[in-house]
Amino acid sequence: MNFVADLHTHTIVSGHAYSTLLENAKYASDIKLKILGVTDHGPNMPGAPDPWYFGNFQVLPRKLFGVKMLYGCEANIIDYEGNLDIEIERQKLLDIMIVSLHEPLMEGGNDINLNTTTILKAMDNPSVNILGHIGNPRFPINAEVIVKKAKEKNILIEINNSSFLTSRKGSDVNCTKIAKLCKEHGVKIIVNSDAHFCYSIGNFAVVEEMLKDINMPEDLIINTNEDSLISFLKEKGKNI
């Protein structure tokens, strides 16, 4: 699989990541990525940047080291109504918005219906582009219901390589199930690194092996084709 983009990466401003914006962009260039997404944690996450950080992206270049740069946020779901920690007006200015559940802000547990409903409500937000690491076993969900709504709302399901390596232990089985459901229902996925250090950018090795094992059609993997990815974002109203 020829991956052209990684849209879920963090810089040092996330508070628990270790590389700068320039270091990330340079490494992305070195490994021949065409598109890099910068998606630092939303402001309610401990150590995350001030909301103003997400409102000042216009000062940043659209290309660094030959890589097309997209500036966004991994926004946090902060309540069971699916609200996010980024103001609506700022959401509209982002190139990409990933939404995720994180334990520092939401209580993990076994209430599948509550977790599922929370994500479904967040998906009604027209600024949501990607669902982040929904295979996290700390937040069990009805995956099929969410996958079907992702198709209805034209939202990408992320398969997160970090979930197979160092984060969210036990996600591998859930992520494989979710990928199979996406294949069954024809729902587009995006493979992301969730890099917190520059050398992790573009590392999709474990997810790629899993996707090959389940014979995932490459036309459902949106970041293997630059034109498909850009078209998706333009459909979402992004001027990039």
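This note sets out numbered points on a predicted model, moving from its internal cavity to its salt bridges, polar contacts, cysteines and backbone angles.

1. Internal cavity. The count of cavities of 30 Å³ or more comes to 1. The space in the largest cavity is about 100 Å³. Its lining is made up of 13 residues, and those nearest the centre are Leu101, Ile119, Gly132, His133 and Ile134. Two elements give two or more residues each to this lining, namely strand E5 (96–100) and helix H3 (112–123). In character, the lining of the largest cavity divides into 9 nonpolar and 4 polar residues, with no charged residue among them.

2. His133, at the cavity. His133 is among the lining residues nearest the centre of the largest cavity, and its place in the chain is the loop between E6 and H4. With a relative accessible area of 3%, His133 is buried. The side chain of His133 is also engaged in a polar contact, at 3.2 Å, with the side chain of Glu74. A colleague inspecting the cavity may wish to view both features together.

3. Salt bridges, and the pair Lys121 and Glu81. The model contains 9 salt bridges. In one of them, the side chains of Lys121 and Glu81 meet with an N to O distance of 3.2 Å. Lys121 belongs to helix H3, whereas Glu81 sits in the loop between strand E4 (67–76) and helix H2 (88–91), so this salt bridge ties together parts of the chain that are 40 residues apart in sequence. Lys121 is partly exposed, its relative accessible area being 30%.

4. Glu87 and Arg90. Which residue forms a salt bridge with Glu87? The partner is Arg90, and the closest N and O atoms of the pair are 3.3 Å apart. The two ends of this salt bridge fall into separate accessibility classes: Glu87 is exposed, at 52% relative accessible area, whereas Arg90 is buried, at 17%.

5. Arg138 and Glu103. A further salt bridge joins the side chains of Arg138 and Glu103, at 3.1 Å from N to O. Arg138 is found in the loop between strand E6 (130–131) and helix H4 (143–153), and Glu103 in the loop between E5 and H3, so the pair ties together parts 35 residues apart in sequence. Arg138 is partly exposed, with a relative accessible area of 43%, and Glu103 is likewise partly exposed, at 43%. Elsewhere, Asp124, Lys149 and Lys153 are joined into one network by salt bridges that share partners.

6. Asp95 and its contacts. Is Asp95 buried or exposed? At 7% relative accessibility, Asp95 counts as buried. Asp95 is located in the loop between H2 and E5. The side chain of Asp95 makes a polar contact of 2.6 Å with the side chain of Arg62, and it reaches the backbone nitrogen of Tyr71 at 2.8 Å. The contacts of Asp95 thus include both a side-chain partner and a backbone partner.

7. Cysteines. How many disulfides does the model contain? The count is 0. For Cys182, the closest cysteine sulfur is that of Cys175, at 10 Å, which is too far for a bond, because a disulfide requires the two sulfur atoms to lie within 2.5 Å. Cys182 is buried, at 0% relative accessibility. Cys198 is buried as well, with a relative accessible area of 8%.

8. Positive phi angles. Most residues other than glycine have a negative phi. Against that background, two residues deserve a look. Phe65 has a phi near 55 degrees, a positive value in a residue other than glycine. Phe65 lies in the loop between strand E3 (63–64) and E4, and at 44% relative accessibility it counts as partly exposed. Asn154, also not a glycine, has a positive phi near 55 degrees. The place of Asn154 is the loop between H4 and strand E7 (156–160), and Asn154 is partly exposed, at 30% relative accessible area.

9. Leu22 in helix H1. Leu22 lies in helix H1, which spans residues 21–30. Leu22 is partly exposed, with a relative accessible area of 49%. The separation of Leu22 from Leu93 is 71 residues in sequence and 22 Å in space, taken from C-alpha to C-alpha.

Note on methods
Residues numbered from 1 in each chain as written. Predicted model: local features only at pLDDT ≥ 70, side-chain atom pairs only at ≥ 80, totals over all residues. Heavy atoms only, no water. 1 Å grid on protein atoms, 1.4 Å probe; cavity = no way out; pocket = protein on both sides within 12 Å on 5 of 7 lines; lining within 4 Å. Points joined across faces, edges and corners; volume = space filled by probe spheres on them. Helix = DSSP H or I, 4+ residues; strand = E, 2+ residues; numbered from the N terminus. Nonpolar A, V, L, I, M, F, W, Y, C, P; charged D, E, K, R; others polar. Salt bridge = Lys/Arg side-chain N within 4 Å of Asp/Glu carboxyl O. Buried < 20%, exposed > 50% of the residue type's maximum accessible area, 1.4 Å probe, protein only. Polar contact = N/O pair within 3.5 Å; in protein donor to acceptor, adjacent residues only side chain to side chain.
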